[in-house]
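Here are some short exercises to work through with the model open beside you. Try each task before reading its solution.

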Amino acid sequence: ALGSLYIVILRCFRMFHSVSLCMLTILISCFFTYSFAESICGMSGIITVLFCSMIMSAFAKYHFDIEGKLFTAFALKQASSFADMLVFLFIGIAAVYLDSEGV
């Protein structure tokens, strides 16, 4: 339901003219969906964001221009690479500092 609401917002406010507004809408929608599901609905935020992103992937791309699509894809790919790097960095640090007793 939230994915459909975000698509209506994109369509009604005609954000396809501004690349930064498109990217900001995508980032805020992810955060709001996760927060809404975890705090208000008591559901899993990760699963909610997954289904919301599937709906938005299918329908929201028609409301972006070419530059907005390319920039959004690039920015999200860079953000995911950075997040992966941080996760593996923290796992590596934890593996080095843990001894045989787990402390």
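**Exercise 1.** Which residues of α3 are buried?

*Solution.* First, the ground rules: this is a predicted model, where local features need pLDDT of at least 70, side-chain atom pairs count only at pLDDT 80 or more, and totals for chains, interfaces and linings use all residues. Numbering runs from 1 along each chain as its sequence is written, and side-chain values use heavy atoms, with hydrogens and water left out.

Step 1: take buried as under 20% relative accessible area (1.4 Å probe, protein chains only). In α3, that gives G45, T48, C52 and M56.

Step 2: these residues lie on the same side of α3, because they cover an arc of only 60° around the axis, taken from the directions from the helix axis to the C-beta atoms.

Step 3: look for their partners, with contact meaning heavy atoms within 4.5 Å. The buried residues of α3 pack against α1 (2–12) and α2.

**Exercise 2.** Compare the span of α4 with the expected one, then find its buried residues.

*Solution.* Step 1: helices are DSSP runs (H or I, at least four residues), numbered from the N terminus. The expected span is 1.5 Å times one less than the number of residues.

Step 2: α4 has 32 residues and should therefore span 46 Å; its end C-alpha atoms are 47 Å apart, which agrees.

Step 3: G68, T72 and A75 are the buried residues of α4, and their cover includes α2.

Technical notes:
Buried means under 20% relative accessible area, exposed over 50%, partly exposed in between (1.4 Å probe, protein chains only). Helices (H or I, at least four residues) and strands (E, at least two) are DSSP runs, numbered from the N terminus.
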